[in-house]
Amino acid sequence: MNNDNLKKAYIIFVTDSRQYRNSKINIDNILNELAMLCDTAGYEVVNKYSFIQPKITAGTYIGTGKLESLKESATIDNVEYFIFDNELSGSQVNAIEEGSNITALTRTEIILEIFALRAKTMTAKMQVELAFLEFEYPRLKGKRTNLSQIKGGIGLRGGAGEKQLEYDRRRARERIHKLKSQLSKVEKSASTGRKGRENTFRIAIVGYTNAGKSTLFNLLCKESVYVEDKLFATLDTHTRKLYLTDDTPVEVIISDTVGFIDRLPHTLVASFKSTLSEVVEADLLLHLSDASDENIEEKLLHVESIIKEIDASHIKRIVIFNKSDSIDEVQKNKILTSYDDAIFISAKNNTNIELLRKKILDTILELNNN
């Protein structure tokens, strides 16, 4: 993407000194992931800021002095957006924007923007719009503006081609109700389709976003699902038959699902219920991780927390570490101390894919015999 077309932004993380002392916050990791999200959403991160304060300021969140300093720097850098890793109330957004003349956004809004950009099907678009409305609705009271920007049926801030709609709380409630009703019908239809597959063994690939799930899906199924080295490249679930051997005792189907991320907005988890049903109703989960990621342990835990949130913790899992060609034996052995039954693969180089197929088949036979 041409940098001239990117929206310039500062990204900001704020915490109080007590929380910082009592937790294992890694500010660099937090800001780096936010920078990746911003890049995916079309923002140019001009600078990163972190503030450890005695206490969080109720009004502007960071205090008027720091806000004034950021405003001065933003004027020099032609920055249009302050993007906070923290959640902000409607009144805090107002205070920041009025004190700086800069648009204030949050990490959640950036994730919602990415989902909006990635949504291709009508179902995905409805799910994202519902998530956006449910995120914004509680914040309307503190904001001086209503939900008045809807782009292509999906709520977003600003931008060319937007339709100006007067969204007050009543109309937002009506739209939320309508979307939930429509998505309920979609879920019933999908559920009927899944019931028609009751005699099949269902597998879902899960993992942190950009771990290589779609690449693995393509390898296992000999498919060509869209793959891009970006966050949340896949929103819609793809399901295909998986051939293992001629004597596999049941028909096997496998689904490529939406990627997870730390602090995935609850409104998205709820809105994507029909998509995540492929995970909840699976007989086996392939939990894929990037073996070369320095934050691998944290990301494994984040994925597991979302699996728990959607009530899928009881499902059997095969833990798979992708990009094994990018790590040495020391790193591999370190991972094996915690995951001794894991399989190391390289989806890019087709390494150990047949070993994984055998592991899947053995697991199917084991579960079928129980």
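**Entry 1: cavities**

I began with enclosed space and found that the structure holds two cavities of 30 Å³ or more. I recorded that the model is predicted. For the second largest cavity I noted about 30 Å³ of space. I then asked which residues line the second largest cavity. I listed Phe115, Val258, Leu264, Leu268, Val269, Phe272 and Leu276. I sorted this lining by residue class and obtained seven nonpolar residues, no polar ones and no charged ones. As background to this entry, I wrote down that empty space left among atoms is shown by rolling a probe the size of a water molecule over them.

**Entry 2: Ile114**

I turned next to helix 5, which covers residues 107-118 and includes Ile114. Is Ile114 buried or exposed? I found a relative accessibility of 0% for Ile114, and I therefore counted this residue as buried. I also looked up the separation of Ile114 from Leu37. In sequence the two are 77 residues apart, whereas their C-alpha atoms are 7.8 Å apart in space.

**Entry 3: Arg107**

I stayed with helix 5 and examined Arg107, which also lies there. The relative accessible area of Arg107 is 3%; because buried means under 20%, I entered Arg107 as buried. What does the side chain of Arg107 reach at 2.8 Å? I identified the partner as the backbone oxygen of Asp262. I then listed what Arg107 touches, leaving out residues up to four places away in sequence. The list holds Glu33, Leu34 and Leu37, then Phe84 and Asp85, and finally Ile261, Asp262 and Arg263. I noted that Leu37 is thus touched by Arg107 and is also the residue I had compared with Ile114.

**Entry 4: the whole protein**

I counted 13 helices and 13 strands in the protein. Of its 370 residues, 50% count as buried. I also looked at contacts between residues at least 6 apart in sequence, and I found that 69% of them join residues at least 24 apart.

**Entry 5: confidence**

I closed with the confidence of the prediction. The mean pLDDT of the protein is 83, and 84% of the residues reach 70 or more. Which elements have the lowest and the highest mean pLDDT? I found the lowest, 39, in strand 7 (residues 163-164), and the highest, 97, in strand 3 (residues 81-84). Over residues 148-167 pLDDT stays under 50. For this stretch I recorded 50 contacts in the model beyond four places in sequence.

Key. Residues are numbered from 1 along each chain as its sequence is written. This is a predicted model: local features need pLDDT of at least 70, side-chain atom pairs count only at pLDDT 80 or more; totals for chains, interfaces and linings use all residues. Side-chain values use heavy atoms; hydrogens and water are left out. Helices (H or I, at least four residues) and strands (E, at least two) are DSSP runs, numbered from the N terminus. Buried means under 20% relative accessible area, exposed over 50%, partly exposed in between (1.4 Å probe, protein chains only). On a 1 Å grid over the protein atoms alone, a cavity is a set of points where a 1.4 Å probe fits but cannot get out, and a pocket is an open set with protein on both sides within 12 Å along at least five of seven lines; lining residues have an atom within 4 Å of a point. Grid points are joined across faces, edges and corners, and a volume is the space filled by probe spheres set on the points. Ala, Val, Leu, Ile, Met, Phe, Trp, Tyr, Cys and Pro count as nonpolar, Asp, Glu, Lys and Arg as charged, and the others, Gly among them, as polar. A polar contact is a pair of N or O atoms within 3.5 Å; within protein, one must be able to donate a hydrogen and the other to accept it, and residues adjacent in sequence count only if both atoms are side-chain atoms. Contact means heavy atoms within 4.5 Å. pLDDT is the predictor's confidence in each residue, from 0 to 100.
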